[in-house]
Amino acid sequence: MNAKNTIAQQLLEIEAIKLSPEKPFTWASGLKSPIYCDNRMSLSYPNLRTLIIDSFVELAKKYKFDGIAGVATAGIPHGVLLAEKLNVPFIYVRSASKKHGRQNQIEGDIKNLRNVLVIEDLISTGGSSLQAIDALKEQGLNTIALLAIFSYGFPKTAVRFQNNDLVCETITNFETLLSTAVKSNYISDDQAQRLSSWNNSPEQWSENFLNNSTKP
């Protein structure tokens, strides 16, 4: 089993990723989703944590950069660990400027940085990533690539990144997770089909679920 599959398997085992097509989760946006992902759970498991950082190191070898930029908050811990491993500077980007003190949106010393590798834990719609990258750009920093632990792989997100000329790579992804979950009997083939349907059109899937659940 390669690292991509191993990490997907372990994220399922520690319940950092939960799959529940019959009783979906509710996202902050109100959308119903059969998957919930919290990669911060991996920080509590040293072996998995190391495997994730080693995988980030392998991806990072492709690029030339001056430092690592983590996206607050979930991209900070893995970004710090990667920066430590590579012995490069680390900064992080808030979702918005602080309302007090120096009112920074970017924390850390950026004066010697030009090209940065941006680290996220999860890629969903890509909105928070692009917002962080815009904030970096306003301070004269160029994003070489965006790296993340996991991506839902929404078609709309891929188009969004393409339109912004953003290179994005992830350690593992939804497709790998689905095949791994089926092989390990975590879900059935029928459940995998429902999850795949959600992935192709999450808004429509959510609407259909809500409509069906309100029928007498």
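**Exercise 1.** Determine the handedness of the unit made by β9, helix α5 (residues 155–163) and β10, and describe the strand pairing.

*Solution.* Step 1: β9, α5 and β10 make a right-handed β-α-β unit; with the strands pointing away from the viewer, the path from the first strand over the helix to the second runs clockwise. Helices (H or I, at least four residues) and strands (E, at least two) are DSSP runs, numbered from the N terminus. This is a predicted model, in which local features need pLDDT of at least 70, side-chain atom pairs count only at pLDDT 80 or more, and totals for chains, interfaces and linings use all residues. Residues are numbered from 1 along each chain as its sequence is written, and side-chain values use heavy atoms, without hydrogens and water.

Step 2: β9 (residues 142–151) and β10 (residues 168–173) pair in the parallel sense over five bridges, where pairing requires at least two DSSP bridges between the strands. Serine 151 has asparagine 173 of β10 as its bridge partner.

**Exercise 2.** Identify the partners of strand β6 (residues 90–93) and the orientation of its side chains.

*Solution.* Step 1: β5 (residues 67–71) pairs with β6 in the parallel sense over four bridges, and glycine 70 stands opposite tyrosine 92 in β6.

Step 2: β5, helix α3 (residues 75–86) and β6 make a right-handed β-α-β unit.

Step 3: β6 and β7 (residues 106–107) run antiparallel, joined by two bridges; the partner of valine 93 in β7 is isoleucine 106.

Step 4: Ile91 and Val93 point to one face and are buried (under 20% relative accessible area, 1.4 Å probe, protein chains only), whereas Phe90 and Tyr92 point to the other face and are not buried.

Definitions and conventions
Buried < 20%, exposed > 50% of the residue type's maximum accessible area, 1.4 Å probe, protein only.
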